[in-house]
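Subject: The structure we talked about

Hi there,

Here is the structure I promised you, with the sequence alongside. Have a look at it first, and then read on for what I found.

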2 protein chains.
Amino acid sequence: MTAEAPVGIFDSGIGGLTVAHAVMQQLPRESVTYFGDTARVPYGPKSPETVRRYSLEIAAFLVEQQVKTLVVACNTATAHALPLLRERLTIPVIGVIEPGARAAVRATRNGHVGVIGTAGTIKSGAYERALRALEPSLRITARACPLFVPMVEEGWVDHEATRLIAREYLAPLQSEEVDTLVLGCTHYPLLKHVIADVLGPDVTLIDSAEETARETALVLRDQRLTAHNPAGPAHRFIASDDPLMFLQLGQRFLGDAIDGVEVKTLG
Amino acid sequence: MTAEAPVGIFDSGIGGLTVAHAVMQQLPRESVTYFGDTARVPYGPKSPETVRRYSLEIAAFLVEQQVKTLVVACNTATAHALPLLRERLTIPVIGVIEPGARAAVRATRNGHVGVIGTAGTIKSGAYERALRALEPSLRITARACPLFVPMVEEGWVDHEATRLIAREYLAPLQSEEVDTLVLGCTHYPLLKHVIADVLGPDVTLIDSAEETARETALVLRDQRLTAHNPAGPAHRFIASDDPLMFLQLGQRFLGDAIDGVEVKTLG
């Protein structure tokens with residue numbers, strides 16, 4: 001495995017591009033090979049078995065593409081498939097849950113942390129487990145917000161309907177006075193402004209994409225796999241369906257950093 | 001093929017249960033075998049090739065289950081796969097687009113028809129083609145409403161946010177004065193009240209589920225395949241993933257008519 005090899009990142013669709021974006025910002029010399037499983041998105045409502053099967057297929061494909069590490073940039077896939085991927089792969093595997101959980105434990109002052117995510121992520125209890133493993137005395141309030149992903153994908157990140165939905169979803173977290181909120185879905189950083197407006201300045205928002213990129217930097221350093229790429233990085237974006245829609249939505253996340261999308265059919 | 005065999009119905013997920021419901025109401029002696037591709041839902045954003053591949057797989061599975069006719073209760077699958085399914089299968093194949101289009105042409109007085117559906121259905125232009133084939137002089141205004149399905153699946157069919165979203169989606173149809181609106185997605189009948197409130201009493205709503213059930217009755221009569229089932233019908237519901245979620249959401253569509261769900265993994 002060479003240090004100049006790309007960082008592999010996958011998600012059920014385009015949401016993981018917030019993680020790719022954070023990796024590109026924090027590690028500007030690293031090449032990224034991103035796989036979005038747009039043919040089978042969303043993973044949130046799917047069973048753990050199905051999500052594990054899909055994750056193994058994608059990991060095998062990315063290993064063929066010679067990635068030096070694998071970032072599971074999907075909360076649902078991290079919740080259901082991370083231990084299995086770590087068992088099966090010989091390269092380091094990084095999930096999106098532990099880094100966000102660690103940052104939340106560091107940030108909270110009143111010991112009461114909120115978590116929001118898709119129905120699948122919240123039902124899995126993965127954030128609760130990760131948070132409690134770090135700090136057993138924590139109070140945790142979790143809430144599924146299934147409409148946030150469609151609102152982001154529709155581009156209505158600043159719409160009155162989005163504010164109404166956010167107010168309804170976040171009300172229980174406010175009334176229980178969480179002081180730190182983990183954005184437990186890779187789409188949610190695009191709603192950071194709306195969520196911050198609803199919750200006010202006293203609640204710290206934890207962006208798991210940023211935290212996962214930080215974790216990736218540490219893992220690469222520990223494994224002596226940090227790239228130099230004097231000619232600059234080379235990014236690849238691969239979708240399992242409809243590259244044009246991926247490109248259009250992808251530019252909402254990444255701007256000009258994405259200028260072409262390859263297709264690899266899975267499933 | 002015996003007349004006592006079940007009517008096969010498939011959809012990308014649970015939305016097609018509005019069609020199953022209409023078939024059960026209008027044809028109370030018919031047994032229904034319903035397949036919901038919940039592992040791969042939604043079809044709307046997927047490419048035509050992928051939707052055709054999935055539709056053929058499901059049709060083959062339902063033919064194995066001995067269905068006497070196939071109702072494609074998914075607008076996206078009808079738009080992309082109906083001709084191919086008719087070519088490949090020997091049983092009658094009924095889609096959801098033609099019946100709704102025919103009802104709209106009958107209903108309009110000012111010759112201006114609106115169509116709403118998922119991004120995939122609207123982009124396919126399938127309703128425009130079906131409407132123009134019936135009445136070339138028609139004026140047609142089509143609009144994708146991608147947030148309606150998630151709002152229905154969240155159960156917010158009467159929420160203020162749903163009204164705001166409906167007002168924004170339907171505004172162009174109002175200002176262009178359509179007098180007839182085709183609900184071109186099987187989830188939308190559950191939003192009929194909100195849509196009717198926004199558009200007012202002068203706009204006729206065409207429920208494609210009702211129209212498709214009517215078409216099914218006619219096809220069965222023509223083919224002498226109408227069931228008698230003196231012991232009463234026997235319904236089966238099969239999902240490609242998470243039968244529990246299918247059951248919970250399914251009861252929102254069908255009430256007690258659904259009391260168990262089988263699983264068949266595809267893809």
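Let me start in chain B of this predicted model. Helix H2 (residues 48-64) and helix H3 (residues 75-88) of chain B pack against each other with their axes 9 Å apart, at an angle of about 55°. That angle falls outside the ranges for roughly parallel, antiparallel or perpendicular, so H2(B) and H3(B) count as oblique to each other. Their crossing is right-handed.

Which residues meet there? From H2(B) come B:Pro48, B:Val51, B:Arg52, B:Ser55, B:Leu56 and B:Ala59, and from H3(B) come B:Thr76, B:Ala77, B:His80, B:Ala81, B:Leu84, B:Leu85 and B:Arg88. Sorted by class, this contact has eight nonpolar, three polar and two charged residues.

Next, the sheet. In chain B, four strands form an open sheet with parallel pairing, in the order S6-S5-S7-S8. Strand S6 (139-144) and strand S8 (204-207) of chain B each have a single partner strand, so they stand at the edges with one side lacking a neighbour in the sheet. On average, neighbouring strands of this sheet are turned by 20° against each other, ignoring direction. If you would like to see one pairing in detail, strand S5 (residues 112-117) of chain B joins S6(B) in the parallel sense over six bridges. One place to look is B:Val115, whose bridge partner in S6(B) is B:Ala142.

Two helices to look for beside these strands: helix H6 (residues 126-134) of chain B lies across S5, S6 and strand S7 (180-183) of chain B and runs at about 160° to S6(B). Helix H10 (residues 208-222) of chain B lies across S7 and S8 of chain B, at about 50° to S8(B).

Now to the two chains together. How many residues of chain B are in contact with chain A? There are 18, and they touch 18 residues of chain A. Helix H8 (residues 160-175) of chain B gives the most to chain B's side, with four residues. By class, that side has nine nonpolar, three polar and six charged residues.

Finally, chain A. Its domain assignment gives domain 1 (7-95 + 210-263) and domain 2 (97-208), and the C-alpha centres of these two domains of chain A lie 22 Å apart. The contact takes 25 residues from domain 1 and 23 residues from domain 2 of chain A. On the domain 1 side, helix H1 (17-26), helix H3 (75-88), helix H10 (208-222) and helix H11 (243-254) of chain A each supply at least two residues.

Happy browsing, and best wishes!

Methods. Residues are numbered from 1 along each chain as its sequence is written. Chains are lettered from A and ligands numbered from 1 in the order in which they are written. This is a predicted model: local features need pLDDT of at least 70, side-chain atom pairs count only at pLDDT 80 or more; totals for chains, interfaces and linings use all residues. Two residues are in contact if their C-beta atoms, placed from the backbone, lie within 7 Å. Ala, Val, Leu, Ile, Met, Phe, Trp, Tyr, Cys and Pro count as nonpolar, Asp, Glu, Lys and Arg as charged, and the others, Gly among them, as polar. Domain bounds come from an automatic or database domain assignment. Two strands pair if DSSP finds at least two bridges between them. Axes are lines fitted to C-alpha atoms, for helices over the stretch in contact, and angles run from 0 to 180 degrees between N-to-C directions. Angles under 35 degrees count as roughly parallel, over 145 as roughly antiparallel, 65 to 115 as roughly perpendicular and the rest as oblique. A crossing is left-handed if the near helix is turned anticlockwise from the far one by less than a right angle, and right-handed if clockwise.
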